[in-house]
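Here are my notes on this model, set out as numbered points. Please read them with the structure open beside you.

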Amino acid sequence: MTEPDWVRHAIWWHVYPLGAVGAYPGQPPGPDEHRLRRLVGWLDHVVALGASGLLLGPVFASTTHGYDTVDHLRIDPRLGADGDFDTLVAEAHGRGVKVLLDGVFNHVGRDSAIARRSVDALEGRSDDEVWLLRDADGAFVGFEGHSALVTLDHAHPSVVDYVVRVMNHWLARGADGWRLDAAYAVPTTFWAEVLPRVRAEHPDAWFVAEVIHGDYPAFVQESTVDSVTQYELWKAIWSSISDRNLWELAWSLTRHDEFLESFAPQTFVGNHDTTRIASTIEDPRHRAHAVVVLCTVGGTPTVYAGDELGFTGVKEEREGGDDAVRPELAVGGPGLVEDPVLRLHQDLLGLRRRHPWLHRARTTQVALTNTTFVYEVRDGDDALLVALNLDDEPLARPAGELLACDDASRDRGDVAPHGWAVVAP
């Protein structure tokens, strides 16, 4: 299994459409509002940011937050219709921006046609097949305690056929790949049946699985996905910076290197399910360091929409607890923004684009304390040195050509207190 060549250059801008266009929560738009097209207004921002891909959260018909799909073959009417999706894809591709869809194939909403047909079949009202998983008492199995989300029977051949059909349908309409939501809850044998059939029709498609814990390399090998979400590194980045314990980050990067032996993980410092990085790292002097790591280590980096503008938001474990990290975005894009957080992202993503070999690069510790970390990132003859300083004292800067640094370090020969630098040795 080999990932498509274009992924080597991919940098994703991840957006949650229902929230971004004001379709959820709150009053749903009318049938003629075509809100999905509002994301077209952000595409120039995506390009100016330095990203090359649009990772869309759920866009398919659902009842509430999008992860309770009721029809995988229909655009959510709160967003618009098929034509609005086609317009968004065409506008993205016209700017050289790939489009990744978020597919929920572990479960469906209880109001879905799949669920209704399964109920009718069990109650003798039809001869339809039952596509849902049942427990020992015959009840449908909910997903992680959510009774409104009912789990598909992934051993059923018709479910395999259905998911293949859905994936191929949207890839044929212009999508470039799939994020597989809650993939960790699905048997890897299911993905191993589905994905080769999809790749047979769309060999350039890319598939990233949402996996939080466990053996990432084994999951990739058994499922045949191209990548998984790198939650281990995500946690290590914000935790090590917040706690001023960079040993945790160094340890996680040794694990990260092991993953890179077999696949390039999807890396991120925030997404639609996590507290914003600007809220997680309370010391504003150290938030840039998280972006530096994201943009200089191996993997496929992803920026969650709004992080590049300094958005804050705390995820809470309650009904509606995700709303703060899934806000509505301005109509037409952010406008002309002169913001140090945006400039930081542009500078670092630009550096990343100029060094696409970083996609598979490995890291080596050069110097490490609780509050300082210098690491080399290398792929063959290509290398960079990265210095992170969380300390109150300056840090000796690695020798070489200075490619990027914080403002305080720019006119001095070392790395300023609470600064950072990237050097070509």
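1. How many disulfides does a search of the whole structure find? The count is zero. Keep in mind that this is a predicted model. Two cysteines show the reason. The sulfur of Cys-295 has its closest cysteine sulfur in Cys-405, 15 Å away, which is too far for a bond. A disulfide needs the two sulfur atoms within 2.5 Å, so a 15 Å separation does not qualify. Looked at from the other side, Cys-405 has Cys-295 as its closest partner, again at 15 Å.

2. Are these two cysteines buried or exposed? Cys-295 is buried, with a relative accessible area of 1%. Cys-405 also counts as buried, at 5% relative accessibility. The cut-off for buried is under 20%, so Cys-295 at 1% falls within it.

3. Next, the nonpolar interior. The largest nonpolar core holds 118 residues. Trp-13, Leu-101, Met-167, Trp-178 and Trp-191 touch the most other members. Helix H5, residues 157–172, gives the most to this core, with nine residues. Another core lies apart from it and has eight residues, among them Trp-6, Ala-10, Leu-55 and Val-208. In soluble globular proteins, nonpolar side chains tend to be buried together.

4. Now the empty space. Five cavities of 30 Å³ or more turn up in a search of the whole structure. The largest cavity holds about 60 Å³ of space. Its lining includes His-14, Leu-55, Arg-179, Phe-268 and Thr-302. Which classes of residue make up that lining? There are seven polar, two nonpolar and one charged. Leu-55, listed above in the core of eight residues, is one of the residues lining this cavity.

5. The second largest cavity holds about 50 Å³ of space. Among the residues lining it are His-14, Tyr-16, Arg-276, Tyr-304, Arg-326 and Leu-329. This lining divides into seven nonpolar, one polar and two charged residues. His-14 appears in the lining of the largest cavity and in that of the second largest cavity.

6. Salt bridges come next. The whole structure has 31 of them. Arg-326, from the lining of the second largest cavity, forms a salt bridge with Asp-273, with the closest N and O atoms 2.9 Å apart. The pair links distant parts of the chain, 53 residues apart. Arg-326 is in the loop between strand E13 (300–304) and helix H12 (340–354). Asp-273 is in the loop between strand E12 (266–268) and helix H10 (277–280). Arg-326 counts as buried at 8% relative accessibility, whereas Asp-273 counts as partly exposed at 22%.

7. Two further pairs deserve a line each. Glu-33 forms a salt bridge with Arg-35, the closest N and O atoms being 3.1 Å apart. Glu-33 is partly exposed, with a relative accessible area of 42%, while Arg-35 is buried at 14%. Arg-412 and Asp-414 meet through their side chains in a salt bridge of 2.5 Å, N to O. Arg-412 is partly exposed, at 33%.

8. Which residues are linked in a network of salt bridges? Asp-102, Arg-179, Asp-181 and Glu-210 are. Arg-179 also helps line the largest cavity.

Definitions and conventions:
Residues are numbered from 1 along each chain as its sequence is written. This is a predicted model: local features need pLDDT of at least 70, side-chain atom pairs count only at pLDDT 80 or more; totals for chains, interfaces and linings use all residues. Side-chain values use heavy atoms; hydrogens and water are left out. On a 1 Å grid over the protein atoms alone, a cavity is a set of points where a 1.4 Å probe fits but cannot get out, and a pocket is an open set with protein on both sides within 12 Å along at least five of seven lines; lining residues have an atom within 4 Å of a point. Grid points are joined across faces, edges and corners, and a volume is the space filled by probe spheres set on the points. Ala, Val, Leu, Ile, Met, Phe, Trp, Tyr, Cys and Pro count as nonpolar, Asp, Glu, Lys and Arg as charged, and the others, Gly among them, as polar. Buried means under 20% relative accessible area, exposed over 50%, partly exposed in between (1.4 Å probe, protein chains only). A nonpolar core is a set of buried Ala, Val, Leu, Ile, Met, Phe, Trp, Tyr and Cys residues joined through side-chain atoms within 4.5 Å. Helices (H or I, at least four residues) and strands (E, at least two) are DSSP runs, numbered from the N terminus. A salt bridge is a side-chain nitrogen of Lys or Arg within 4 Å of a carboxyl oxygen of Asp or Glu.
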